[in-house]
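The following exercises practise the reading of a protein model. Each task is followed by a solution in steps.

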Amino acid sequence: MQVSSFNSLNEIFFLQCEKYQKEDHLFFNNLNLKKFQTYTWLDTSHNVLKLAKFLNEKNITKGDRVLLVSENRPEWLIADLAILLNSAITVPNYTTYTVNDFAFTINDCKPSGLIVSSTLLLKNILLAAKKINYNFNFIILLNQTNDVVAESVINFSTIIEKKIDIEETKIFFKKISKSLTRKDPACIIYTSGTQGTPKGVVLSHGGILKNCEGALEFLYFIKEQQNTFLTWLPLSHSYEHTVQFVQLSLGAKIFYSESLDKLLTNLKIAKPTIMTAVPRFYTNLVNKIKINLQNQSSLKKIIFNKTLELGEKKALFKEMSFFEKFINFILDIIVRKKIKNQFGGKIKAFISGGGPLDYNVGIFLNSLGLPTLQGYGLTEASPVVSCNSIDKIKIETVGKIFKDVEVKIANDGEILVKGENVMLGYWNNKNETEKILRDNWLYTGDIGEIDQEGYLKITDRKKDIIVNAGGDNIAPSKIENLLANYPEIIQSYIYGDKKNYLVALIVVGKELEDRKNKIQFIIDKVNNDLSIIEKIKKFIIIDDPFTIENEMLTPTMKIRRHQVKKAFGDQFEKLYF
């Protein structure tokens, strides 16, 4: 597909729906209907056009914002596309938002309408709107209900049950879409607010199309009509939001996982060829495999460890003897194939983004025959900047730069990005835009380097760096990632800005016995791999994990460092007496 010639994301929709028509497209295990739903491309097309017509009748026009709040499901994609067909702007919000979060985004972007999945979410959003005295022109509820939550609510089913002239409607929206350019806004995605107040990132049609173009080039090893994706990362996340357009570009089948708890079951049903996820998923996966290994026989442990040993040699391009190559081939059949079958048997690559993947996790998965391609990006870059390709995975890097994206390293080591993929700016926030966008260069806040083969490596995070009393710069994420390799540790937080040494907050499971000694043992092991200034001297143990509900995690599962510091600051300070 020649994405480079398109002026809008709408063109992907029109082209692919006409191409695939009666072929299966979207799959969803609908818990409300207690059955597995399948949508053909024709079903998707008709539903999009019906919803787009309804929005048009509600006077949604170019530049209007529509708030979209829903769990992952076919209607999410349908709603997103229907908004875009009207040349309007989708504003995704997380279902885990608090009333205050919703109030902030509503007040900031002033959406004309709301598309929401459930009455529970709707009640929270209406409370938020009431706080700021705001009214929506219309509200569409995806779940069927007879409850009257607000007068302006209409059920999604009522809209798609209406009969319309499909061809006439298609012609109408093709005409509207012709007015779009690659510079027009497609969505406003709010940052997670790890450092404070969220900002609305305005991404253009061209920016997302450029990401699709780059992704298609990196995914050369898969062919059209043979691809299945299992999607579970929230579509309100910039990463997964762009991935859905890559999926459309590939003409892929899309399975929506109904919950994280059902993910492994869904993997066996969907049999995906590609799976995208954040690093935390892969870390948890590796920990589960390690825990399961503890219950295996001594012989199985020996075979498994040999698989890891030879797999690591191959992953790091180390020479193997003829005998080692032969043993490794046998292990492909008796170990790696079985592991692959646990993920449906057809998986060609895991793709990791949204944060740094721990090196040991990457080595572990690639050694087991699960190619794990780490990429790099940020919401402000639509969001992908670089990714490893399957022909040469350099685990310690985030891969090669995407097509037509410029990257340079500033004098202080900061990664700067330029290209069509860079955001148009922060919505309604000129000051913050000017801080991060200078001379068309996006200042990422990440520290990195580019090796001789053109692979980008992230070495630090500028804003998260701890500067100790001696003036040394320390990256807390590096130490936290090392701690995450131990199943006993659920979460951790490193503290020590302007201090003589580092301390840690460790979250453990309530069932962990002899916790102080076990955690001390782990910290001693981690300290062995750290420099003097990076070593953890003291620690606090707590039972209650960082969650979205207690505002210690962002909706994208990143630690809100300022919130943890605020909540536990006094306890940290006591460790220095």
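**Exercise 1. Classify the two partners of a salt bridge and locate them.**

Step 1. Lys174 has a relative accessibility of 32% and therefore counts as partly exposed. The classes are as follows: buried means under 20% relative accessible area, exposed means over 50%, and partly exposed lies in between, with a 1.4 Å probe and protein chains only.

Step 2. The model is predicted: local features need pLDDT of at least 70, side-chain atom pairs count only at pLDDT 80 or more, and totals for chains, interfaces and linings use all residues. Residues are numbered from 1 along each chain as its sequence is written, and side-chain values use heavy atoms, with hydrogens and water left out.

Step 3. Lys174 forms a salt bridge with Glu18, and their closest N and O atoms are 2.8 Å apart. This pair links distant parts of the chain, since Glu18 lies in helix α1 (residues 10–20) and Lys174 in helix α7 (residues 166–177), 156 residues apart. A salt bridge requires a side-chain nitrogen of Lys or Arg within 4 Å of a carboxyl oxygen of Asp or Glu. Helices (H or I, at least four residues) and strands (E, at least two) are DSSP runs, numbered from the N terminus.

Step 4. Glu18 is also partly exposed, at 35% relative accessible area.

**Exercise 2. Describe the salt bridge between Glu57 and Lys53.**

Step 1. The closest N and O atoms of Glu57 and Lys53 are 2.9 Å apart.

Step 2. Both residues belong to helix α2 (residues 41–57) and are 4 residues apart, about one turn of the helix. An α-helix has 3.6 residues a turn, so residues three or four places apart point the same way.

Step 3. Glu57 is partly exposed at 48%, and Lys53 is partly exposed at 30%.

**Exercise 3. Determine whether Asp184 and Lys62 are buried or partly exposed, and state where they lie.**

Step 1. The side chains of Asp184 and Lys62 meet in a salt bridge of 3.3 Å, N to O. The pair joins distant parts of the chain, 122 residues apart: Asp184 is in the loop between α7 and β8 (185–190), and Lys62 is in the loop between α2 and β3 (65–69).

Step 2. Asp184 has 15% relative accessibility and so counts as buried, whereas Lys62, at 42%, is partly exposed.

Step 3. Elsewhere, salt bridges with shared partners connect Lys210, Glu213, Lys403 and Asp404 into one network. The whole structure contains 22 salt bridges.

**Exercise 4. Compare the expected span of helix α9 with the distance between its ends.**

Step 1. The expected span is 1.5 Å times one less than the number of residues.

Step 2. Helix α9 (residues 238–250) has 13 residues and should therefore span 18 Å; its end C-alpha atoms are 19 Å apart, which agrees.

Step 3. Of the 13 residues of α9, 13 are buried, so the helix is largely enclosed by the rest of the structure. Gly251 follows α9 and has a positive phi near 65°.

**Exercise 5. Identify backbone angles that deserve attention.**

Step 1. Most residues other than glycine have a negative phi, and most peptide bonds are trans.

Step 2. Asn133 is not a glycine, yet its phi is positive, about 55°. Asn133 lies in the loop between α5 (119–131) and β6 (138–141) and is exposed at 69%.

Step 3. Asn428 also has a positive phi, near 60°. Its place is the loop between β19 (425–426) and α15 (430–436), and it is exposed at 63%.

Step 4. The peptide bond from Ser382 to Pro383 is cis, with omega near -5°.
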